[in-house]
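Let's take a walk through a protein together. Keep the 3D view open and turn it around as you read.

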Amino acid sequence: MSKTELKTQLAERFREVNADHPMTDADDVYVSTQFVALEELCAVHGRDADEVRRLMLGRRLPLPGYLRSDGAEMVSADLFALADNAGGTEPLEAWFTAHWADPITGKAEWDAYLSGQYVCLHSVTPATIQRKDHLTTAISAAENEPDAGSAQWYERLHALVDELDALEPAFTAYDRLRFAGPTSRDTCIDAVRTRFPRP
């Protein structure tokens, strides 16, 4: 399969997952700042970009996080890190899913990882995925804690929010289209800081 055919197939798969939303100039600037073009990353790491596209299509590596308006497949700078840690793309799925005690949850997280939609984390690893889940759950439940509104509660809440803030990038308008609503930064960081400012 030619490079053009692989790029076309990958773009089609990307749109199946994310639907077809336009990228604005601001989206392109954000993505170019936070991510790297697949071709450039492969050149740096001495990898064949077409082989990486085949691995993405074969569910061995995650899809690009974004397609820039010029067609560039934008990926995280550490795209290959998990496979390297796991000993290659073949054992990656078993290595990844083993980080969850429940196999069903592990498989669901693997599918989410392959979708390329974990653009909500600066670094996508099982540990950061689990930590983000813990933090968003704790922040969402904080308002119902018995000591809500106390000085200690404010301190705990803002510690959670600050930790989540460090894990997550800013997101862009495109993300709110493909996720059909606000991002976790909108609901668990910005909104919480607005509703419950530091005393």
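**Charged partners, a pocket and a helix**

Search the whole structure and you find 23 salt bridges. Keep in mind that you are looking at a predicted model. We'll take a few of these charged pairs one by one.

Start with helix α4, which covers residues 49-57. Both R54 and E51 sit in this helix, three residues apart, and that is about one turn of the helix. Their side chains meet in a salt bridge, with 3.6 Å from N to O. Are these two buried or exposed? Something in between: R54 is partly exposed because its relative accessibility is 37%, and E51 is partly exposed too, with a relative accessible area of 36%.

Now find helix α10, residues 173-178. Here D175 and R178 are again three residues apart, about one turn of the helix. They form a salt bridge as well, and their closest N and O atoms are 3.1 Å apart. This time the setting is the inside of the protein, as D175 and R178 are both buried.

For another pair, go to D70 and R68, whose side chains meet in a salt bridge at 2.9 Å, N to O. D70 counts as exposed, because its relative accessibility of 55% is over the 50% cut-off.

Salt bridges can also join up into a bigger group. Which residues are linked in a network of salt bridges? The members are K3, K7, E39, D50, R53 and E73. Try picking them out in the 3D view.

Next, look at D111 in helix α7, which runs over residues 103-114. D111 is partly exposed, since its relative accessible area is 30%. Along the chain, D111 and R59 are 52 residues apart, yet in space 8.8 Å separates their C-alpha atoms.

Time for some empty space. The largest pocket has a volume of about 230 Å³. It is lined by 21 residues, and the closest to its centre are P62, S76, L79, Y113 and V124. Which helix gives the most to this lining? That would be helix α5 (residues 81-86), with three residues. Sort the lining of the largest pocket by class and you get 13 nonpolar residues, seven polar ones and one charged one.

Now follow helix α8, made up of 16 residues from 126 to 141. From its first C-alpha to its last, α8 reaches 23 Å, close to the 22 Å expected at 1.5 Å a residue. Which residues of α8 are buried? They are P126, T128, I129, K132, L135, T136 and I139. And what do these buried residues pack against? Their neighbours are the helices α5, α6 (92-97), α7, α9 (151-167) and α11 (184-195). You have already met two of these helices: α5 at the pocket and α7 with D111.

Let's finish in helix α11, where you'll find R185. R185 counts as buried, because its relative accessibility is 10% and the cut-off for buried is under 20%. Who does R185 touch, leaving out residues up to four places away in sequence? Its contacts are D165, E168, P169, A170, F171 and D190. Zoom in on R185 and see if you can find each of these contacts around it.

Conventions: Residues are numbered from 1 along each chain as its sequence is written. This is a predicted model: local features need pLDDT of at least 70, side-chain atom pairs count only at pLDDT 80 or more; totals for chains, interfaces and linings use all residues. Side-chain values use heavy atoms; hydrogens and water are left out. A salt bridge is a side-chain nitrogen of Lys or Arg within 4 Å of a carboxyl oxygen of Asp or Glu. Helices (H or I, at least four residues) and strands (E, at least two) are DSSP runs, numbered from the N terminus. Buried means under 20% relative accessible area, exposed over 50%, partly exposed in between (1.4 Å probe, protein chains only). On a 1 Å grid over the protein atoms alone, a cavity is a set of points where a 1.4 Å probe fits but cannot get out, and a pocket is an open set with protein on both sides within 12 Å along at least five of seven lines; lining residues have an atom within 4 Å of a point. Grid points are joined across faces, edges and corners, and a volume is the space filled by probe spheres set on the points. Ala, Val, Leu, Ile, Met, Phe, Trp, Tyr, Cys and Pro count as nonpolar, Asp, Glu, Lys and Arg as charged, and the others, Gly among them, as polar. The expected span of a helix is 1.5 Å times one less than its number of residues. Contact means heavy atoms within 4.5 Å.
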